[in-house]
Amino acid sequence: MHGRNYIDGQWRNGGARLATTNPSDLDEIVGEYDQASVADAEDAIHAARRALPAWAAANIQLRGDMLRKVGDALYARAQDVGTLLAREEGKTLKEGIGEAVRAAQVFHYFAGETVRHPGQWYNSLRDGHNVIVSYEPVGVVAAITPWNFPIAIPAWKVAAALAYGNTVVLKPSEYAPGCAVLLAEMLEQAGVPNGVFNLLLGDGRSIGQTLIDGADAVTFTGATPTGRRILQMAAPTMTKVQLELGGKNPFIVLDDADLDVAVEAAAQGTWGQTGQRCTGSERIIVTKGIHDAFVERLVQTVSNYRVGHALDPQTEIGPVANQAQLDKNLGFINRARADGAELVAGGHVKEARTRGHFLAPTLFLNTTNAMELNREEIFGPVAGIIKVEDLDEAIAVARDCELALSSGIATTSLKSAERYRRASNAGMMTVNAPTAGVEYHVPFGGRAPSGFGGREQGAASAEFFTEIKTAYINHGVV
Ligand code: NAD
């Protein structure tokens, strides 16, 4: 694939080309992408600004119909999109197709949101008056996205922004931009007017400030340090900011848990999608009564995973997405061993039929919450088990972490589940289910420093993508 920038309805060549390689097969180039310049970024912002009044005023059925067409195209091309995603990011083909289908569902949901999103009407304290609260587009939205969900995250930002009448400049990750290029083609084919959606490729650092200065709002998903930087960059212009950032998500297993359910949820939450999910479990906190039985079963499960080429139908865990990420994972593994954690599964690079970034799914035992392994986001197929006395200690350990995105508990006690639902400091929590795997119609996001500035997905996304207007009407009828 040769990916180009899409600005004001035109595909534009230019700039240095960045190549992506297949993490399952380092000998395969997947795509070459033209890096956007600062001038391209300025042009994209200006195009989005020019297109804004007409799009904001566009008939809501028309806006919805266009979004529905994009959803239809994503469904129809789920195999292509999923295959490209698997080749460029390293998710298994099944996971890649699943993500493409999720992106389709997101577009269909927001197609309906154009007609569903309500305003409010109040009686006034003043006789002969009433109050209307309406929601207006926030304006030009810059969307900056990471590599780990290269179609779902662009979809949930772009669909929401367009549904509420905003125009968009999307800057996907330089590590996996191919799916965003396909999305731009689908938006063009759906008839989205020139300038309403624009795509810029390449590294965010060179054009980030231009986007933040020119946009009315920036929605960002990525690492917490980058999010902090974006917030600082947005301060002088007071550009509205939404940040979806890193996690270090705890999964608690209590003595009364159903062992099958607990093992399945812990394993899926930890190693699914190669552990490269912000909502993945990285700290498994287990009470002492079930500890040994749970560990035995979990080690069995993790050791049996088939790691390999993402397109191989037998593969259950694909490669780590890129060299930098693999080096980072191995660094965490080496330091955890040096800190005294006991390696019970994985911990090493695996050979496969092709040259790729294959890392055996890794589990450490006898870890403490003080270890780096349990304090910093790894973002790979690596987790540690922490043994605790009881629910009280489990809650204290779970909360003893700066990051607060997702969390989970395995228990058959309604009382313990409800206690943890109240005690968790994370933005999302699950009972007897993996910490990852949130659906498109409900709010998604974490508390600072895992998130900032309003939730994404579902009706909650209107908080960020709209501005409120309160209108007093003196109609004179008493
Ligand atoms: P990253 O922060 O390195 O990059 C994310 C995006 O920001 C990329 O498009 C990059 O080009 C751009 N960028 C980098 N510096 C910039 C700057 N100065 N100005 C503007 N843009 C800039 O993150 P990543 O490695 O792509 O993704 C992994 C991280 O994303 C993990 O920490 C993960 O937890 C997080 N994540 C969070 C969520 C969530 O919803 N909370 C979802 C997925 C991933």
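Around the ligand in this predicted model there are 28 residues, and those that come nearest are Thr145, Glu174, Thr226, Leu245 and Glu377. Let us start here and work outward. By character, the shell around the ligand divides into 14 nonpolar residues, nine polar ones and five charged ones.

Now look at some individual contacts. Lysine 171 places a polar side-chain atom 2.8 Å from an oxygen atom of the ligand. The backbone takes part as well: at alanine 223, a polar backbone atom is 2.9 Å from a ligand oxygen atom, and at glycine 222 a backbone N or O atom lies 3.3 Å from an oxygen atom of the ligand. How much of the ligand does the protein bury? Taken alone, the ligand exposes 860 Å², and the protein buries 90% of that area. The space that the ligand takes is the largest pocket.

Which parts of the fold supply this shell? Helix H7 (204–214), strand S11 (217–221) and helix H8 (224–234) each give at least two residues to it. If you step back to the level of domains, you will find that domain 1 (2–245 + 449–473) and domain 2 (249–431) each provide at least three residues of the shell around the ligand.

Two details of the backbone are also worth a visit. One is in the loop between H8 and strand S12 (240–244), where you will find methionine 238. Methionine 238 is not a glycine, yet its phi is positive, at about 50°. For the other, go to the loop between strand S19 (428–431) and strand S20 (451–452), which holds proline 449. The peptide bond that joins alanine 448 and proline 449 is cis, with omega at about 0°.

Definitions and conventions
Residues are numbered from 1 along each chain as its sequence is written. This is a predicted model: local features need pLDDT of at least 70, side-chain atom pairs count only at pLDDT 80 or more; totals for chains, interfaces and linings use all residues. Side-chain values use heavy atoms; hydrogens and water are left out. A residue is near a molecule or strand if one of its heavy atoms lies within 4 Å of it. A polar contact is a pair of N or O atoms within 3.5 Å; within protein, one must be able to donate a hydrogen and the other to accept it, and residues adjacent in sequence count only if both atoms are side-chain atoms. Accessible areas come from the Shrake-Rupley method with a 1.4 Å probe; for residues, only the protein chains shown count as cover. On a 1 Å grid over the protein atoms alone, a cavity is a set of points where a 1.4 Å probe fits but cannot get out, and a pocket is an open set with protein on both sides within 12 Å along at least five of seven lines; lining residues have an atom within 4 Å of a point. A molecule sits in a cavity or pocket if more than half of its atoms lie within 2 Å of its grid points. Helices (H or I, at least four residues) and strands (E, at least two) are DSSP runs, numbered from the N terminus. Ala, Val, Leu, Ile, Met, Phe, Trp, Tyr, Cys and Pro count as nonpolar, Asp, Glu, Lys and Arg as charged, and the others, Gly among them, as polar. Domain bounds come from an automatic or database domain assignment.
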